[in-house]
Amino acid sequence: MIPSSLAIDSKLPWVGTTIFTVMSRLATECGAINLSQGFPDFSAEPALFEATMRAMQNGRNQYPPMAGLPELRHAIGAKVESLYGARFDPESEITVTAGATQALFTAIAAFVRPGDEVIVFAPVYDSYVPAIETVGGRAVYASLLFPDYRPDWESVRRLVSPRTRMIIVNTPNNPTGSLMTADDLATLADIVRDTDIVVLSDEVYEHIVFDGGKHLSVISREDLAARSIVVSSFGKTYHITGWKIGYVLGAAALMNEFRKVHQFNVFTVNTPCQAGIAEYMADPSRYLGLAAFYEQKRDFFRAQLQGSRFEFLPCRSTYFQLVRYDAISDLPDREFAEWLTREVGVAAIPVSVFYPDGRDDRVVRFCFAKQDSTLSAAGERLRRI
Ligand code: PMP
Ligand code: GLN
């Protein structure tokens with residue numbers, strides 16, 4: 001250990017280690033089945049690895065252009081146009097990022113100034129608020145209303161002020177599995193009309209929507225497309241969370257500002273993985289099939305929990321299932337998640353960590369992006385309590 005007596009004035013005094021790292025570490029320590037942090041325990045297809053390996057062997061190992069390989073930006077543009085009907089120019093309106101977390105941080109850093117307010121919805125994905133505060137902004141909290149987690153637009157209307165620089169939305173929503181509707185988008189558009197508020201829309205689970213539902217991107221409305229930065233992640237779509245590659249879409253004027261920061265933040269993203277993904281994306285069934293694939297996993301996981309005392313909350317999207325456990329325990333959710341990991345051998349995420357006031361509805365989150373054998377082994381343990 002290196003001794004240091006520097007007086008450090010922390011920019012994030014209240015921030016500890018992210019819950020995903022904490023719970024995954026605990027799961028490893030205890031040998032528990034890890035249904036906490038969101039990542040698949042199965043492999044992506046060999047075709048993706050082969051395409052990436054071929055790129056490396058063909059010497060594609062030096063810096064790509066700052067905004068990303070043109071072939072990948074064109075593939076993204078074609079996908080986005082076919083799914084959402086909006087045309088983004090690969091030259092000036094699409095940027096490849098080192099995952100969604102970097103994209104979100106960079107977007108916040110590009111637009112939020114000290115003293116600016118950013119409206120977020122609680123429960124809120126854990127990276128947004130630390131990013132806002134690192135650049136001197138202030139998060140103000142609207143709600144997703146328990147138990148079906150619909151956005152409380154009245155609270156948003158009340159929170160909008162001359163200081164509001166940005167509203168961050170996340171649909172399909174982590175951790176709740178809820179989805180924005182056309183009415184939600186219309187209300188959002190109404191609230192921001194005649195303002196200069198930027199909408200930052202985290203849509204990393206865009207392809208994972210169940211029961212015939214449809215993901216409505218903010219760019220499906222022209223008025224929102226004109227003021228939004230949309231974030232997505234190949235980690236979720238192609239089962240490669242460790243590759244850390246994603247992208248952002250935004251009108252040229254917004255993207256210009258985004259890239260000013262991006263180029264000095266990561267500059268660019270590794271070349272061979274971009275080339276491999278660009279080739280792999282040519283077959284749309286690889287992302288279009290994702291909803292059915294994960295719907296089967298959701299249903300399989302729920303079937304494993306039949307006969308347990310967990311109560312399911314609705315799961316319309318993402319690969320997370322929220323459950324209430326108040327029939328099992330009256331422990332606070334953090335303690336319950338820790339007990340579940342240590343004593344039952346299944347790790348989960350306590351949902352109170354996503355609330356600024358630690359609101360605790362006695363709900364935990366399970367990730368079902370797992371092999372059926374993992375889900376059935378977890379189910380066997382969870383049915384016993
Ligand atoms: N946003 C949400 C809502 C997420 O769930 C995640 C990660 N799973 C991210 C952003 C970050 O994605 P990435 O791993 O590409 O940084
Ligand atoms: N987004 C993933 C989850 O919700 C985790 C990503 C991370 O560990 N930062 O579990």
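I'll start with a contact at ligand 2: one of the ligand's oxygen atoms is 2.6 Å from a polar backbone atom of Gly38. Bear in mind throughout that this is a predicted model.

Two side chains also make contacts of this kind with ligand 2. In Gln37, a side-chain N or O atom is 2.7 Å from an oxygen atom of the ligand. In Asn174, a polar side-chain atom lies 2.8 Å from a ligand oxygen. On its own, ligand 2 would expose 300 Å², and the protein buries 81% of that.

Now the surroundings of ligand 2. Besides Gln37, Gly38 and Asn174, the residues around this ligand are Phe20, Tyr125, Lys236, Phe320 and Arg365. Sorted by class, that shell has three nonpolar, three polar and two charged residues.

Where does ligand 2 lie with respect to domain 1 and domain 2? It lies between them, because both domains give residues to its shell. Domain 1 is made of two segments, 19-44 and 288-382, while domain 2 runs over 46-284. As for the pocket, the space that ligand 2 takes is the largest one.

That brings me to ligand 1. This ligand also sits in the largest pocket. Its shell holds 13 residues, and the closest are Thr101, Asp202, Tyr205, Lys236 and Lys244. You will have heard Lys236 already, in the list for ligand 2; here Lys236 is among the closest residues to ligand 1.

Which side chains make polar contacts with ligand 1? I have three to show. The side chain of Asp202 has an N or O atom 2.6 Å from a nitrogen atom of the ligand. Tyr205 places a polar side-chain atom 2.6 Å from a ligand oxygen. For Ser233, an N or O atom of the side chain is 2.7 Å from an oxygen atom of ligand 1. How much of ligand 1 does the protein cover? Taken by itself, the ligand has 390 Å² of accessible area, and 93% of that is covered.

By class, the shell of ligand 1 divides into five nonpolar, five polar and three charged residues. Which helix gives the largest share of that shell? Helix H4, residues 99-111, supplies four residues.

To recap with the structure on screen: ligand 2 lies between domain 1 and domain 2, with polar contacts that include the backbone of Gly38 and the side chain of Asn174. Ligand 1 has contacts that include the side chains of Asp202 and Ser233, and helix H4 gives the largest share of its shell. All of this is read from a predicted model.

Conventions
Residues are numbered from 1 along each chain as its sequence is written. Chains are lettered from A and ligands numbered from 1 in the order in which they are written. This is a predicted model: local features need pLDDT of at least 70, side-chain atom pairs count only at pLDDT 80 or more; totals for chains, interfaces and linings use all residues. Side-chain values use heavy atoms; hydrogens and water are left out. A residue is near a molecule or strand if one of its heavy atoms lies within 4 Å of it. A polar contact is a pair of N or O atoms within 3.5 Å; within protein, one must be able to donate a hydrogen and the other to accept it, and residues adjacent in sequence count only if both atoms are side-chain atoms. Accessible areas come from the Shrake-Rupley method with a 1.4 Å probe; for residues, only the protein chains shown count as cover. On a 1 Å grid over the protein atoms alone, a cavity is a set of points where a 1.4 Å probe fits but cannot get out, and a pocket is an open set with protein on both sides within 12 Å along at least five of seven lines; lining residues have an atom within 4 Å of a point. A molecule sits in a cavity or pocket if more than half of its atoms lie within 2 Å of its grid points. Ala, Val, Leu, Ile, Met, Phe, Trp, Tyr, Cys and Pro count as nonpolar, Asp, Glu, Lys and Arg as charged, and the others, Gly among them, as polar. Domain bounds come from an automatic or database domain assignment. Helices (H or I, at least four residues) and strands (E, at least two) are DSSP runs, numbered from the N terminus.
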